[in-house]
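Biologist: Could you take me through one part of this model slowly, the second largest pocket? I'd like to know where it sits and what lines it.

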Amino acid sequence: MTAIGIHDLELATGHYVVSLTDLAESKDIAPGKFVLGLGQSEMSVLAPDEDIVSMGASAAKPLLERNGTDGIRTLLFATESGVDQSKAAGVAALELLGLPHNVRVAEIKQACYGGTAALQAALGIVSRNPTERVLIIAADNARYQLDSPGEPTQGAGAVAMLITADPALLAVEPADGISTTDVDDFWRPNDSTTAVVNGKLSIDAYLDALTDAWGDLQDHGGPAIGDIDRILYHQPYTKMAKKAQQRLRQVTGDDISTALNPGDEVDGRDTGLETSARYNRRLGNSYTASVYSALASLLDHDDSLAGDRIGIFSYGSGCVSEFFTGIVQDGYRDVRDAGTIDAALDRRVPLSIDEYRALHQGPHGTSADEVTPQVTDAPFRFAGVHEQARQYEAR
Ligand code: HMG
């Protein structure tokens, strides 16, 4: 059987960054709560001329430069920060990226799980015709109300992935474990630009979904826990991955380590909890992109993965989740320049807390005509709204 999976991936984020130590101090909260308690050191914030389209296209640009566009006949855009109720964000991204017009484009939504739904659809398309390649863009801008418990778990990021036969990074295995339950743990009503969340319920829903999806994977012929070398979890904040690993340790009885913070004693088998958290600790929640950002972090910071089996747990509130596995391909280190994401994170412009709060309260997601100030130095920008339609341009 032809191997199908992730051939290449790339990550982009916003122009600005907020230090979570500064955010905690501005609220008279001990910084340890955010930095250790949540496992987050920074969060990305978008400039007024950035959104999921500009950020997603910016992630896809280097991917297409490395791999060309031949055989790409589908672009799936996964997001829960949609900029229009009707038109898929990927249509504007297609134009920015100069992709041919014989490409089908659609937007996929189910909270943070959307990226994995896109991946599953892409695997099906490529297995039907292995000469085709599918471009996935998973992009989100995670926004909660100011001064709410969710505020320190905001963030922004986009991952672009190319799904092909004979992939260079990760061959996805056929067995998967799925769990869907109707639960009101987190959602964003149509008339709100910030999410509504029941934080404690969302943690329980996530952990219960993990237990159920793991059981379903076992029922469908998935590998035993001892045959999985590294495990990635959706990371709304990186401490959540540690909670998930604790649950999986309980459920399976395996001695997988639950150490997360750099310098923590590894109290069992190291499955990459720390290595996979490096980008998300600095990005914040990037919803659909989060678990694939964890994959990028693992691949970029671990030289010894060739032939290893990786387990991936994708969770989207509401809630839909999936546990699947893949095998890291020989030569995976040659595909990407591992330093580029760290450099992009370092390049972000720091915001003071006053500046961040003003930006958060500024116009967001309206259809009122506007011309946005030129701020971002990313390849593409959101230029504003003209006659209620969003305008984009290459810089
Ligand atoms: P909270 O209630 O303010 O925080 O909000 P807390 O009191 O639970 O404290 C957090 C942790 O910090 C605790 O550790 C404290 O002990 C610790 P834990 O018990 O969890 O291990 N702590 C400290 N540690 C060190 N030094 C200190 C200190 N003080 C306290 N001084 C909550 C936390 C996560 C609820 C909130 O941030 C929130 O509502 N976030 C948004 C929802 C969320 O991220 N849920 C996660 C699961 S749902 C999901 O992943 C889906 C999602 O991505 C959306 C989608 O699918 O689209 C969100």
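Modeller: Sure! Helices and strands here are DSSP runs, a helix having at least four residues and a strand at least two, numbered from the N terminus. Counted that way, the protein chain of this predicted model has 11 helices and 17 strands.

A quick look at the whole chain helps before we zoom in. Its C-alpha trace spans about 55 × 55 × 40 Å along the principal axes. The radius of gyration is 20 Å, which agrees with the value near 21 Å that a compact globule of 395 residues would have. Of those 395 residues, 56% count as buried. And if you take contacts between residues at least 6 apart in sequence, 73% of them join residues at least 24 apart.

Now for your pocket. The second largest pocket holds about 630 Å³ of space. It has 32 lining residues, and the ones closest to its centre are T153, G199, S202, I203 and Y237. Where does the pocket lie? Domain 1 (4-169 + 338-394) and domain 2 (171-333) both give residues to the lining, so the pocket lies between them.

Some helices pitch in too: α2 (31-37), α6 (199-219) and α7 (238-252) each supply at least two lining residues. The top giver is α6, with five residues.

What about the chemistry of that lining? You'll find 16 nonpolar residues, nine polar and seven charged. So when you turn the model on your screen, look between domain 1 and domain 2, and use T153, G199, S202, I203 and Y237 to find the centre of the pocket.

Key: Residues numbered from 1 in each chain as written. Predicted model: local features only at pLDDT ≥ 70, side-chain atom pairs only at ≥ 80, totals over all residues. Heavy atoms only, no water. 1 Å grid on protein atoms, 1.4 Å probe; cavity = no way out; pocket = protein on both sides within 12 Å on 5 of 7 lines; lining within 4 Å. Points joined across faces, edges and corners; volume = space filled by probe spheres on them. Nonpolar A, V, L, I, M, F, W, Y, C, P; charged D, E, K, R; others polar. Domains from an automatic or database assignment. Rg over C-alpha atoms; globule rule 2.2 N^0.38 Å. Buried < 20%, exposed > 50% of the residue type's maximum accessible area, 1.4 Å probe, protein only. Contact = heavy atoms within 4.5 Å.
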